[in-house]
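Reader: I'd like a close look at one stretch of this protein, please, and then at how the rest of the chain looks around it. Start wherever the local geometry catches your eye, and take your time.

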Amino acid sequence: MAAPSGRAAVLLRVGRVPGLSPVPRRYLYKKKWATTAPRIPAPRLALHHFDTTYSLQLQELWPAVRSAMLCEQKYGALLNNFACADLTAQRLELLSATDFVSEAARRARCWQESAGVGGERRKTSLEGSGGDGTTLPTETSPLLRASLSSNVKCYTFPRGDISRFHPARPDSLGILSYYLMDAASLLPVLALNVQPDDFVLDLCAAPGGKMLALLQTGACGHLAANDVSISRTKRLYHILNSYVPKEVRETVSVTSHDGRDWGELQGGTFHKVLVDVPCTTDRHSVMEEENNIFHKMRTKERQMLPMLQLQLLMAGILAAKPEGEVVYSTCSLSQLQNEHVVERAIDIAETQFGITVHIEDLSHFRTLFQDTFCFFSGCRLGELVLPHLTANFGPMYFCKLRRA
Ligand SMILES: C[S@@+](CC[C@H](N)C(=O)[O-])C[C@H]1O[C@@H](n2cnc3c(N)ncnc32)[C@H](O)[C@@H]1O
């Protein structure tokens with residue numbers, strides 16, 4: 001909005017002078033401003049839209065999710081293995097933060113041991129189905145085959161603790177010790193399960209939190225980080241320069257292609273593909289006016305999002321090698337942008353490209369990470385982290401697909 005000029009501006013300035021009584025509000029605006037229809041702020045439009053759609057989708061869960069989205073979100077500190085990680089880890093632990101990835105990996109190992117994987121099976125009190133909708137380990141459960149990258153470490157404060165991390169400080173070589181991000185953003189990266197020397201594509205990579213997490217696995221043989229926005233790809237370079245040493249940076253290529261064309265550019269080449277698409281960024285949309293997709297002028301763009309998401313996911317599937325794996329993710333609760341996009345992509349892959357795509361079961365993530373995140377148990381495909389006041393991460397939807 002243009003800054004008020006003339007009398008209105010003068011009145012506004014006078015109103016802020018300390019010691020003077022504030023100018024009555026009715027005199028602050030020109031008369032014609034007061035008679036134009038009030039512009040509804042984009043966050044209010046977003047909230048109204050979500051009240052209509054998510055109250056149906058999430059039903060009795062929606063009021064709690066709504067309250068959480070309107071409160072300050074929680075962050076996780078992704079430890080930078082390229083800096084002095086041990087020292088930083090000690091400092092974070094002194095603050096009572098814990099690495100939720102190592103915790104989950106330890107938990108998985110315990111279950112594997114008590115289930116006798118690789119040895120005689122013992123009965124575990126955790127078998128069967130959890131009352132909260134979580135799947136507890138049975139002999140065939142993916143939980144017992146779960147492997148989490150032990151290299152990725154992300155510290156969070158305990159449930160209900162809303163302490164905040166200080167901004168990261170550079171080490172003696174100028175490399176930053178941790179990266180602050182929504183800890184739920186790490187789940188799509190963990191779901192991708194990068195294996196040594198994998199060729200990895202991050203199709204919509206900017207600003208680069210997940211790209212950095214992919215590099216923390218230490219397993220990427222090559223990482224192609226792409227984002228259509230040239231200004232946002234600059235943020236990728238910024239992250240690479242602030243967190244990653246030169247020899248690792250050399251394994252990363254940064255490009256600014258329209259991701260929808262990727263399948264044609266370099267089809268069938270990647271072992272792992274992350275498709276972290278643009279979406280309604282629900283938390284941002286209910287909180288911030290700036291760059292809000294619910295702004296009236298962006299209605300068309302918002303309505304076209306599922307189509308763009310579908311095209312990007314299709315490009316991701318085509319970029320993967322046979323048997324390659326693709327993780328699709330959004331930070332929206334919307335079924336239209338989540339499961340529906342995945343379903344349509346599977347359908348199109350089969351009918352138009354003759355490619356069979358399977359959905360990988362990630363339900364064990366609910367069990368592994370139940371201490372850190374609140375999961376929705378009603379997703380037909382993929383997993384969804386719900387914001388909650390005691391664990392205010394997300395929303396984060398992620399679904400893993402495997403190309404046959
Ligand atoms: C949710 S953000 C990605 C966040 C990123 N993965 C991270 O973890 O920091 C979505 C990104 O998609 C990019 N984008 C939008 N349309 C695209 C397209 N057609 N091709 C590639 N990237 C696109 C946007 O510029 C935006 O940076």
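**A loop and its surroundings**

Author: Asn-291 is exposed, because its relative accessible area of 58% is over the 50% cut-off. Please keep in mind that this is a predicted model. Asn-291 sits in the loop between α12 and α13, and its phi is near 55 degrees, a positive value in a residue other than glycine.

Now step along to Asn-292, which belongs to the loop between α12 (282-287) and α13 (299-303). Asn-292 has a relative accessible area of 2%, so it counts as buried. What does the side chain of Asn-292 lie 2.8 Å from? One of its polar atoms is at that distance from the backbone nitrogen of Phe-294. If we set aside neighbours within four places in sequence, Asn-292 is in contact with Ala-42, Pro-43, His-284, Ser-285 and Arg-298. His-284 and Ser-285 have numbers that fall within α12, while Ala-42 and Pro-43 come from another part of the sequence.

It helps to set this loop against the whole chain, which has 16 helices and 13 strands. Of its 404 residues, 49% are buried. Contacts between distant parts of the sequence are well represented too: among those joining residues at least 6 apart, 74% join residues at least 24 apart.

The other positive phi to look at belongs to Asp-197, at about 70 degrees, and this residue is not a glycine either. Asp-197 lies in the loop between α7 (186-192) and β5. Its relative accessibility is 59%, so Asp-197 counts as exposed.

Beyond β5 there is a different kind of backbone feature. Ala-206 and Pro-207 are joined by a cis peptide bond, with omega about 5 degrees. Pro-207 is placed in the loop between β5 (198-202) and α8 (209-216). A cis bond also runs from Gly-394 to Pro-395, where omega is near 5 degrees. Pro-395 is found in the loop between β12 (383-386) and β13 (396-403).

Pro-395 leads us to Thr-330, since the two turn out to be partners. Thr-330 belongs to strand β9 (residues 320-330), and its relative accessibility of 0% is why it counts as buried. Leaving out residues up to four places away in sequence, Thr-330 touches Asp-276, Val-277, Cys-279, Gln-337, Asn-338, Pro-395, Met-396 and Tyr-397. With Asn-338, the side chain of Thr-330 makes a polar contact, side chain to side chain, at 2.7 Å.

Asn-338 also helps to line an empty space. How many cavities of 30 Å³ or more are there in the whole structure? A search finds two, and the second largest has a volume of about 30 Å³. Its lining is made up of Gln-57, Leu-333, Gln-335, Asn-338, Glu-339, Phe-376, Gly-378, Cys-379 and Leu-384. Sorted by class, that lining has four nonpolar, four polar and one charged residues.

Glu-339 in this lining carries the number at which helix α15 (residues 339-353) begins. Further along α15 is Ala-345, whose relative accessible area is 0%, so it is buried. Not counting residues up to four places away in sequence, Ala-345 touches Leu-310, Leu-313, Met-314 and Ile-317. Between the C-alpha atoms of Ala-345 and Met-314 there is a separation of 6.0 Å, although these two are 31 residues apart along the chain.

Let me finish with the cysteines. Cys-220 has a relative accessibility of 14%, so it counts as buried. The number of disulfides comes to zero. Cys-331 is accordingly in no disulfide, and the nearest cysteine sulfur, that of Cys-279, is 3.5 Å away. Since the cut-off for a disulfide is 2.5 Å between the sulfur atoms, that pair does not count as one. Cys-331 counts as partly exposed because its relative accessibility is 26%. Cys-279 may sound familiar, as it is among the residues that Thr-330 touches.

Terms used: Residues are numbered from 1 along each chain as its sequence is written. This is a predicted model: local features need pLDDT of at least 70, side-chain atom pairs count only at pLDDT 80 or more; totals for chains, interfaces and linings use all residues. Side-chain values use heavy atoms; hydrogens and water are left out. On a 1 Å grid over the protein atoms alone, a cavity is a set of points where a 1.4 Å probe fits but cannot get out, and a pocket is an open set with protein on both sides within 12 Å along at least five of seven lines; lining residues have an atom within 4 Å of a point. Grid points are joined across faces, edges and corners, and a volume is the space filled by probe spheres set on the points. Ala, Val, Leu, Ile, Met, Phe, Trp, Tyr, Cys and Pro count as nonpolar, Asp, Glu, Lys and Arg as charged, and the others, Gly among them, as polar. Helices (H or I, at least four residues) and strands (E, at least two) are DSSP runs, numbered from the N terminus. Buried means under 20% relative accessible area, exposed over 50%, partly exposed in between (1.4 Å probe, protein chains only). A polar contact is a pair of N or O atoms within 3.5 Å; within protein, one must be able to donate a hydrogen and the other to accept it, and residues adjacent in sequence count only if both atoms are side-chain atoms. Contact means heavy atoms within 4.5 Å.
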